[in-house]
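I set out to look up a few local features and record what I found. The entries follow the order of my inspection.

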Amino acid sequence: MSAAASRSWTGPTLIAVVVFAACWSGALLFWRAAGRTPSALDLGQLLLALPMAILLACWLARQSMTRTAPAIAPAATPAVPAPAPPHVMPTLIAGALRVPHGDTAAALAEAIASNTAHCALDKLLKDQDGFPVTCGRIDEVDADAQRELMTPWLAQRGLAELEFTDAQWRALAIADPVVAELGFHATQHPLLAGFMDSAEDQRTQHPLPMLELQLSLSPGWDAAQREAVQDWLLHRVAQQGWPAQRLRAGAPMSLLEALGASNPAPSLRLLFACESHLDEATVVAWEDQKLLHTASNARGQIPGEGAAGLLLGDAEQARLMGNTVTLHGLATSLRPESADRGAVTHTLLQQLVHQALDGSQLDAASVAMLCADTDARPSRSVELLSVAGTVLPHLEQATHAVRLGAICGNNGQVGQLAALVLAQHATVVLGGPVLWVSNLDPFQRAAMVVRSAAS
């Protein structure tokens, strides 16, 4: 007999035995308590008819429940979700920067190679003890000229009362030629001439892509200032010849958010950041908060300034515009605790570097250079150089493991963008892939491979 058949009769038999035993026991106890001898009728009713009636009632109730119970459908096999399409990273069509030691990536690379790129004691800024502040200053920044250039434009837009700090005017002066250069690169799009020659009513159907500006500024800029700067940069791009009908402001986002976002086709995106921490107010605030690098606070930050931007596009725009660099294997994560506190550990960053290399199907030995936004703080430098020494021991750390924040000072997200612009230049010049790393932020860590499209 099968197990299923055995189970089918065992249950009812046990129920019958229990019912009969209960009826007989109850009858015997009743008769003994009453002191009487049961008749034949009593025996038949209590020992046979009663348990049979109970069993019949149970059977009828079960049949009724079976008929009225809704049919239970067999459990459906859970649908296997379709695999998500792989994230397609944008292509780096052009980059531009202006930082200490170089207003182009080539000039910066030359300063690094000649070992002349260093932060220095400033002639203008002093700490509270009267000593010069170590900083990364860009020479010949004309903030007054930038103020004169923008003031009439601000007035035309009803923003004559909008104020900027001295450091913000410096940042805008640094940004202006960089965004103009990127705007010029955009105007080299081969479809632009056809768009400009077409009639106004035909331009809506023209395949020239929209150019979207995504601006990243530090929390020191308020909402009104951010909007004004964004509009000014769009104005400067339009002055280079890009049509206003194909120009818009995108949602503000960081570089990592932009690289991780979907990249619809057709698309052109201009990622941009500018910053300056070189004014007395910033120095005082940093020193009060124990953030400033001084003789007594070697773990502090070195103020810097700069501007950098990237022109990104989908594969079709890259094909049309040529001279492109591809991005691969972006790997990001967050440290469980701030790097500003606790022991220095490079475990997470090393894991991300391996993920970036694996995602790019690249052997570490083929990496020609390492470009990072790392600054001079021991917590950041030790972390990066430990990874470089472990994963990329073949690189000369003095010249081919670049810590941009250490040589240019802290300039916010400009460092991330500038390191990527330098990586773009290096992968073309050196002919091999470059590893880009970001570890300036207290929590965020990232790694990515930059490779020439030709390779």
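For the first entry I took a disulfide to be a pair of cysteine sulfur atoms within 2.5 Å. The model I examined is a predicted one.

**Cysteines**

I searched for disulfides and found that the structure holds zero of them. I then checked cysteine 119, where the nearest cysteine sulfur belongs to cysteine 408 and is 6.8 Å away. Cysteine 119 is therefore in no disulfide, since the cut-off is 2.5 Å. I also looked up accessibility. Cysteine 119 has 18% relative accessibility and counts as buried, because the limit for that class is under 20%. For cysteine 371 I noted 0% relative accessibility, which also places this residue among the buried ones.

**Largest pocket**

I turned next to the open space in the model. What is the volume of the largest pocket? I recorded about 1100 Å³. Its lining comprises 43 residues, and the closest to the pocket centre are Ser218, Pro219, His277, Asn410 and Gly412. I listed the elements that give two or more residues to this lining: helix H5 (166-186), strand S4 (211-216), helix H8 (255-260), strand S6 (268-276) and H9. Which element gives the most to the lining of the largest pocket? H9 does, with four residues. By class, I noted 17 nonpolar, 17 polar and nine charged residues in the lining of the largest pocket.

**Second largest pocket**

For the second largest pocket I recorded a volume of about 420 Å³. I noted 22 lining residues, with Ile93, Ala94, Gly95, His185 and Gln424 nearest the centre. At least two residues of this lining come from each of strand S1 (91-98), helix H3 (105-113), H5 and helix H15 (414-430). The element that gives the most is S1, with five residues. I classed the lining of the second largest pocket as eleven nonpolar, nine polar and two charged residues. On comparing the lists, I noted that H5 appears in the lining of the largest pocket and in that of the second largest pocket.

**Glutamine 214**

I located glutamine 214 in strand S4, an element that I had already entered for the lining of the largest pocket. Is glutamine 214 buried or exposed? Its relative accessible area is 4%, so I entered glutamine 214 as buried. Its side chain is joined to that of glutamate 212 by a polar contact of 3.3 Å. Setting aside neighbours within four places in sequence, I listed the contacts of glutamine 214 as Gly250, Ala251, Met253, Ala258, Arg269, Leu270, Leu271 and Phe272.

**Backbone: positive phi**

My last check concerned the backbone. Most residues other than glycine have a negative phi, and I therefore looked for exceptions.

Glutamate 140, not a glycine, has a positive phi of about 60°. I found glutamate 140 in the loop between strand S3 (132-135) and helix H4 (143-156). Glutamate 140 has a relative accessible area of 77% and is thus exposed.

Lysine 290 also has a positive phi, near 60°, and is a residue other than glycine. I placed lysine 290 in the loop between helix H9 (280-288) and strand S7 (305-313). With a relative accessible area of 66%, lysine 290 is exposed.

Note on methods: Residues numbered from 1 in each chain as written. Predicted model: local features only at pLDDT ≥ 70, side-chain atom pairs only at ≥ 80, totals over all residues. Heavy atoms only, no water. Buried < 20%, exposed > 50% of the residue type's maximum accessible area, 1.4 Å probe, protein only. 1 Å grid on protein atoms, 1.4 Å probe; cavity = no way out; pocket = protein on both sides within 12 Å on 5 of 7 lines; lining within 4 Å. Points joined across faces, edges and corners; volume = space filled by probe spheres on them. Nonpolar A, V, L, I, M, F, W, Y, C, P; charged D, E, K, R; others polar. Polar contact = N/O pair within 3.5 Å; in protein donor to acceptor, adjacent residues only side chain to side chain. Contact = heavy atoms within 4.5 Å.
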